[in-house]
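Reader: I have a list of terms and want to see what stands behind each one. Can we go through them with the model in view?

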2 protein chains.
Amino acid sequence: MTTPYTYEKSRAAFARATRVIPSGIYGHQGPSEGVYVPREAFPLFSARAAGSRFWDVDGNEFIDYMCGYGPNVLGYHDPDVDAAAQAQARLEDVVTIPSTVMVDFAELLVDTVASADWAFFAKNGGDTTTLAVMTARAATRRKKIVLFGGYYHGVAPWAQKLDYPGVLEEDVAHVLHAPWNDLAALRRLFSEHRGQIAGLVAQPYMHGNFVDNVLPDPGFWQGVRRLCDEHGVVLVVDDVRAGWRLDIAGSDHFYGFEADLICFCKALANGYNVSALCGKDSLKDAVSSLTYTGSYWMSAVPFAAGIATITKLRDTDATTRFRTLGTRLTDGLVGAAREHGFTLVASGEPALFYLRLADDDSLGLHQAWIAQMVRRGVFLTSHHNHFVNAALTEADVDRTVEIAHEAFTAVRADRPLPVGA
Amino acid sequence: MTTPYTYEKSRAAFARATRVIPSGIYGHQGPSEGVYVPREAFPLFSARAAGSRFWDVDGNEFIDYMCGYGPNVLGYHDPDVDAAAQAQARLEDVVTIPSTVMVDFAELLVDTVASADWAFFAKNGGDTTTLAVMTARAATRRKKIVLFGGYYHGVAPWAQKLDYPGVLEEDVAHVLHAPWNDLAALRRLFSEHRGQIAGLVAQPYMHGNFVDNVLPDPGFWQGVRRLCDEHGVVLVVDDVRAGWRLDIAGSDHFYGFEADLICFCKALANGYNVSALCGKDSLKDAVSSLTYTGSYWMSAVPFAAGIATITKLRDTDATTRFRTLGTRLTDGLVGAAREHGFTLVASGEPALFYLRLADDDSLGLHQAWIAQMVRRGVFLTSHHNHFVNAALTEADVDRTVEIAHEAFTAVRADRPLPVGA
């Protein structure tokens with residue numbers, strides 16, 4: 001049996017952090033975010049990472065199913081990506097005029113991504129979703145943007161909710177919401193706002209937090225594509241989270257349709273800092289007309305890393321492996337739960353699996369199990385989708401399932417089955 | 001005499017770029033931006049960089065006065081910064097939970113920047129200006145933001161102009177404009193919108209493009225500070241461009257006042273990709289209340305590079321050297337112009353000097369001289385401020401002035417002085 005971890009050094013570092021950083025650690029990597037409950041179960045600071053694992057400042061080792069919230073797609077310190085990045089770094093990175101490696105990377109994306117005729121590079125996923133919205137507005141001379149329920153498209157004011165601090169009603173005045181997987185509702189919305197909708201921005205499937213993730217119904221995306229064509233609406237796929245894990249030709253390609261614009265970040269360069277908006281030739285003039293740039297946007301090292309990442313993903317057929325590993329893992333976890341009398345629901349695509357223990361309506365049972373997993377060296381979150389990477393092995397997955405048995409045993413000890421059950 | 005450069009390989013690479021990248025090279029690094037005229041004078045792609053120089057893909061060498069548009073503050077490939085970055089990279093960069101080097105960097109900023117009680121890290125300068133605006137709105141529960149004429153605060157919709165493509169009237173509905181160096185006008189604006197203004201966002205001095213840059217009049221900033229205090233307006237200094245070149249305690253400290261929030265990017269880590277919003281304790285709760293995060297925002301390598309950069313800037317008193325070198329350069333250029341019968345106006349702070357040949361009202365004469373400089377190996381732009389870095393030597397500056405003599409001679413050959421002049 002594994003001895004549950006403790007986190008003294010993480011807690012001490014967090015006390016330092018709270019003095020000089022708002023919230024100590026902000027956003028999804030911080031303990032104030034709901035996905036990190038129960039808080040006491042989680043380490044807060046890492047010391048090193050390699051392959052499928054990281055080690056926290058207390059020396060605890062974790063099999064990491066969050067992958068830096070997505071970027072780690074080939075494994076931490078992938079030797080091929082790091083070698084390409086270092087070779088470029090010896091030449092140059094951020095210089096007054098760009099390197100031709102930017103052109104090489106754009107050409108590779110155009111060759112790889114089914115819906116890409118061009119690529120525009122930035123730094124955040126949100127840089128590309130905002131650029132997509134501005135491009136749709138410039139191209140159509142319309143204002144309204146449609147988002148699906150459960151959306152997350154970054155932290156720009158237009159992508160936030162009106163009741164969030166710092167957000168104005170004007171920021172979200174032209175944002176409309178539609179329910180996921182409901183073509184009839186979308187058709188009604190498009191008709192009600194005929195001639196006013198610039199773009200539809202959507203994740204390839206509903207992978208929101210705190211809810212089971214929902215794949216597209218058969219024919220849903222094809223129906224959305226038709227509706228967008230009928231109404232002259234720019235169809236934007238936000239592939240920041242799912243991109244490069246389902247299909248290197250794009251998650252739109254995976255689900256059998258073509259986006260007009262597609263947003264990439266996270267896994268694009270295995271952690272090197274770059275994002276990309278790709279799109280159709282019909283929108284190239286519109287995106288060219290915008291004022292849009294940033295200080296580091298043409299840095300060469302992430303482009304070299306991106307070329308190495310995509311080349312390796314392609315040459316190793318990594319997305320097939322992600323599906324196989326993710327399925328082996330979720331099947332194993334669901335089976336382990338069943339053996340201990342629990343019902344574990346795994347949703348979403350296997351490469352980005354979402355977990356929920358369905359035996360009580362509160363979140364408490366699920367969080368108790370996640371706590372037992374994390375404190376035994378399997379880094380999961382309670383209410384966010386997870387990520388698989390190419391450095392993960394069948395042995396890692398099997399070890400994870402073994403730990404799940406221990407964790408379910410510990411949870412069951414606190415919550416015995418009724419006599420006779 | 002130097003043989004003027006030609007750019008065959010740059011032009012060939014640009015032809016490739018235009019096929020797969022909107023505008024080929026977009027934004028301020030691209031030839032479509034007005035600061036890059038005359039277009040034929042400029043190289044478009046670099047191959048390597050070191051110290052104060054870069055080399056283009058045709059093998060031409062340039063003394064670089066743009067510094068990657070600011071980031072290169074210590075010299076390309078500064079050995080101390082690169083060593084710190086590489087040591088951190090061997091441990092980890094983008095991981096699911098952050099490294100404590102984030103806390104170390106925040107502590108260093110709080111110790112270094114006069115107006116900083118805390119630091120929040122992101123990736124773009126614009127991430128921090130938008131965060132500042134949202135923080136001011138959250139803290140004051142007011143909507144309006146005041147900007148000074150000649151402003152540039154990034155490419156977020158609120159920071160753009162209404163006639164720019166993709167920008168809605170709602171994006172800029174609560175943005176007000178005030179003239180630079182005019183306290184009476186600012187007082188009137190604050191009174192007209194009493195109780196409605198959340199924040200004032202301003203560069204430390206007016207360093208806009210296409211116009212002579214303008215320093216603050218004596219007492220101007222102190223008057224602005226008083227007005228902000230009287231009206232409960234959050235005073236935000238956008239130090240993205242000037243930061244770390246005037247005063248490592250902040251450009252507000254340089255001009256003798258304290259900002260409530262201050263935005264850093266560019267020179268913060270000598271080209272490694274990080275930005276920071278720093279601020280007062282009174283605003284820590286407000287910034288903590290916002291939803292604001294991004295995929296790579298806690299990557300460890302740029303934090304390590306930032307610590308090394310600021311430490312070296314401090315230990316070498318680099319800002320004094322920037323002023324000395326910038327003054328030696330602008331004095332030399334102005335003197336060279338005079339010897340050839342031209343009037344060169346150097347404006348702004350010497351570390352970020354702006355140049356304009358004042359002998360004709362069109363931009364043509366100035367652009368002709370810039371073209372002669374660039375084609376002889378001195379990388380300047382026609383209508384943007386420039387940047388000095390710590391790898392620049394007196395010999396580099398003197399060589400630049402020598403080249404200026406050649407360039408003025410070439411310009412004079414095309415525009416002979418009137419007989420008898």
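What follows is a short exchange on symmetry, one sheet and one helix.

Author: Keep in mind that this is a predicted model.

Reader: What makes the relation of chain A to chain B that of a two-fold axis?

Author: Chain A can be laid on chain B by a turn of 180° with a shift of 0.0 Å along the axis, and the RMSD is 0.0 Å. That is the relation of a two-fold axis. In chain A, the C-alpha of E170(A) is the nearest to the axis, 2.7 Å from it.

Reader: How do you know that the copies meet through the same surface?

Author: Of the interface residues of chain A, 100% are also interface residues in chain B, so the surface is the same.

Reader: Why do β4 and β6 of chain B count as edges of the sheet?

Author: The open sheet has 7 strands, in the order β4-β10-β9-β8-β7-β5-β6 (chain B), with mixed pairing. β4 (118–122) and β6 (175–178) of chain B each have a single partner strand, so one side of each lacks a neighbour in the sheet.

Reader: What makes β8 and β9 of chain B a pair?

Author: Pairing needs at least two bridges. β8 (234–238) and β9 (261–264) of chain B have 3 bridges, in the parallel sense. V236(B) stands opposite L261(B) in β9(B).

Reader: How do you know that the buried residues of α1(B) are on the same side?

Author: Buried means under 20% relative accessible area. In α1 (8–20) of chain B, S10(B), A13(B), F14(B), A17(B) and V20(B) are buried. Their arc around the axis is only 120°, which puts them on the same side of α1(B). On the other side, E8(B) and R19(B) are exposed. The cover over the buried residues of α1(B) includes α3 (101–112), β4 (118–122) and α8 (284–288) of chain A.

Technical notes. Residues are numbered from 1 along each chain as its sequence is written. Chains are lettered from A and ligands numbered from 1 in the order in which they are written. This is a predicted model: local features need pLDDT of at least 70, side-chain atom pairs count only at pLDDT 80 or more; totals for chains, interfaces and linings use all residues. Side-chain values use heavy atoms; hydrogens and water are left out. Copies are superposed by least squares on the C-alpha atoms of residues with pLDDT of at least 70 in both. Contact means heavy atoms within 4.5 Å. Helices (H or I, at least four residues) and strands (E, at least two) are DSSP runs, numbered from the N terminus. Buried means under 20% relative accessible area, exposed over 50%, partly exposed in between (1.4 Å probe, protein chains only). The arc is that of the directions from the helix axis to the C-beta atoms.
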